[in-house]
Structure formats: C-alpha cells, structure tokens
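Grab a coffee and work through these exercises with the structure open beside you. Each one sets a task and then walks through a solution.

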Amino acid sequence: MREYPRYITPGFVPFNPVELALRTERMVTRPGEEGQERKYTAFYSVPVYRGIATGYGIGCCLRCFYCWSSFSRDFPETYGDFYSPTQAFEQLKRAAKEGIKYGRMTWWLLRINKARISGCEPTIGREHLLKLLELVEESSEFKLFILETNGILIGWDKSYAKALSKLSKVHVRVSIKAGTREGFTWRTGAQGEFYELPFKALENLLDAGVSCHAAAMTDPRIMSKEERKKILERLFEIDVSLAVNLEEEVINPYETTIFRLKKAGIEMRL
C-alpha cells in the first residue's frame, strides 16, 4: 500500500488526490448510530465573515505548502474526536451562542448566524457533511453555511454538486490552487492532471444552481503574473462573475505554514 506524504519535501512523488481523499476518509470518519461520524478538534466562533461558528475538522487530500491548518491535516489518525452530524451541529450552535472570545473578552457585536467547517477538507465524509447541512437547513439559528473546499471531490463527482443544490443555505467557496499542471503539483503535491478539478467543481456547482465563488492563493512570491492571468482567463470562460469576484489571498506567517515551507525547501520573507 502506497504511503502518502505528510507534507511536501524536495524530491516528493506526486500523488492522486482522489485516492488520498478516500484513504483519509477511512481515518477521519466511522459509522455511527446517528449517521457517519467525523473527527473534529474544536468548535468556536471567529471574526472572519463578520462572525462565524466554526468546526475545525481533520484531514485533507492535498498537501499545500502554504497551508495554515494545524498538524491534524498531516497526521489525521492521531488528532481529534468523533462527532455525529447532530453532535457537530449542536457544537456549532453552542459556539454561535457563546460569541467570539479573545482571552477574557467576548465579542457580541452582532448575532452569529453563519457556520462552516474549516482547517480541513470538509467534503471528505460526504454522508456526514450532507446530514450536517440538512440540520443547518432546518434550523432557525443559522442563515448561511459557507462550505470552504479545494473542489477536488465536487469536481470529480458531479453528483456532489447536485446533492448540495437541494440546500438553500449553502454557499461554496472553491479554492483554486494553480493555473497550470506544474504549479498545481508544486504547491499541492498532487499529480498535475488533477489541476482542472477545482475549475470543474465550479462548473458543476453553477450547472446545479449552487451559490459559489472562487478564491486563489495568488501571492506573487509563489505565483507569477502569467499564471494568475491563466486562472482569471479560465474563470472567465466558466462565468465572468467568477473572474470579477475572485478572492485573492497571500501567505500568512502561521507556525504551521512556516514549518511546511521549510520542509518544502522554500525560503521567503514572511
């Protein structure tokens, strides 16, 4: 059985991200009496999106060297606890009610009525995610669920987008990793032929009528102007609004990010 890299290192062998997603799912999910259970490390509210209740999940099918998430991404078998969809939903409600905490201070500047899963690839564990989203759909506490995804599984399987289309409170944020096969492999560790899947995810979502937008790590320290242009051109081909509303990111100096950059042999001033 092939060993997949925990993080990118010089001379790594590119991997199949769909296969890694399936392998990771076996580590971070399990059958439960109330449906598929998934591993999380914590639930609390944060100020992004003007306040959002967040469940921090475990595991991903890419190995982006600029990733900020905890080491639970790299070692999913050793972190977190299992929660049923109902238990995860109750934790999100609690986090929303408690507000945003910084030290001994709590912010209640506005009512938190949005939720998300972050710190992982939330589309891993489809049964768990869809059941959790159904609970959000039926709730009065939440008006919106922001699904942050790398788009690999939604691009691979069109039926995923179709399932999401039945849920009116979901908005999907698809993270575009590259505008070329080479850039995709360099940044994510995955085989270059899969670089189109995030774009395909956007096509599938729009075809299914699901609200979505694209984001991309276009930090000029790791992406050329030419590659950024290719991303914008590809988005424009899919839908002009995706290109116009592209959410662009830069690398932040999280401890885990610095560690992964060093492991990949990349030196930059952060």
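**Exercise 1. Find the bridge partner of T29 in β2, then work outwards through the strands that pair with β2.**

Solution.
- Step 1: Bear in mind that you're looking at a predicted model. Go to T29 and look across to β2, where its bridge partner is R38.
- Step 2: Zoom out to the strands themselves. β1 (residues 29-30) and β2 run antiparallel to one another, paired over two bridges. Together they make a hairpin with six residues between the strands, and G35 in the turn has a positive phi of about 115 degrees.
- Step 3: Stay on R38 and look into β4, where its bridge partner is Y83. Strand β4 (residues 81-83) pairs with β2 in the antiparallel sense, over three bridges.
- Step 4: Move along to A42, whose bridge partner in β3 is Y56. Here β2 and β3 (residues 52-57) pair over six bridges, again in the antiparallel sense. Their hairpin has five residues between the strands, and Y49 takes a positive phi near 55 degrees.

**Exercise 2. Is strand β2 largely enclosed or largely open?**

Solution.
- Step 1: Use under 20% relative accessible area as the cut-off for buried.
- Step 2: Count along residues 37-46: seven of the 10 residues of β2 are buried, so the strand is largely enclosed by the rest of the structure.

**Exercise 3. Decide whether T24 is buried or exposed, and list what it touches outside its own stretch of sequence.**

Solution.
- Step 1: Place T24 first: it belongs to helix α1 (residues 17-28).
- Step 2: Check the number. T24 has a relative accessible area of 1%, so it's buried.
- Step 3: Skip the neighbours within four places in sequence, and T24 is in contact with G59, C60 and I124.

**Exercise 4. Which residues of the largest nonpolar core touch the most other members, and what surrounds two of them?**

Solution.
- Step 1: The core has 78 residues, and L164, V172, L205 and L235 are the ones touching the most other members. Helix α3 (residues 126-138) gives the most to this core, with six residues.
- Step 2: Pick L205, which sits in helix α7 (residues 197-208). Its relative accessibility is 0%, so L205 counts as buried.
- Step 3: List the contacts of L205, leaving out neighbours within four places in sequence: I154, A161, L164, V172, V174, V210 and C212. Take A161 from that list: the two C-alpha atoms are 5.2 Å apart, while L205 and A161 are 44 residues apart in sequence.
- Step 4: Now do V172 under the rule of leaving aside neighbours within four places. Its contacts are L147, T149, L164, L205, V210, S211, C212 and H213.

**Exercise 5. Describe the largest pocket: what is its volume, and which residues lie nearest its centre?**

Solution.
- Step 1: Start with the volume, which is about 830 Å³.
- Step 2: Turn to the lining. It's made of 34 residues, with W68, S118, E148, R173 and E249 nearest the centre of the pocket.
- Step 3: Sort the lining by class and you get 17 nonpolar, eight polar and nine charged residues.
- Step 4: Trace the strands involved. β7 (114-118), β8 (144-149), β9 (170-176) and β11 (247-249) each supply at least two lining residues. The largest share, three residues, comes from β7.

Conventions
Residues are numbered from 1 along each chain as its sequence is written. This is a predicted model: local features need pLDDT of at least 70, side-chain atom pairs count only at pLDDT 80 or more; totals for chains, interfaces and linings use all residues. Side-chain values use heavy atoms; hydrogens and water are left out. On a 1 Å grid over the protein atoms alone, a cavity is a set of points where a 1.4 Å probe fits but cannot get out, and a pocket is an open set with protein on both sides within 12 Å along at least five of seven lines; lining residues have an atom within 4 Å of a point. Grid points are joined across faces, edges and corners, and a volume is the space filled by probe spheres set on the points. Helices (H or I, at least four residues) and strands (E, at least two) are DSSP runs, numbered from the N terminus. Ala, Val, Leu, Ile, Met, Phe, Trp, Tyr, Cys and Pro count as nonpolar, Asp, Glu, Lys and Arg as charged, and the others, Gly among them, as polar. A nonpolar core is a set of buried Ala, Val, Leu, Ile, Met, Phe, Trp, Tyr and Cys residues joined through side-chain atoms within 4.5 Å. Buried means under 20% relative accessible area, exposed over 50%, partly exposed in between (1.4 Å probe, protein chains only). Contact means heavy atoms within 4.5 Å. Two strands pair if DSSP finds at least two bridges between them.
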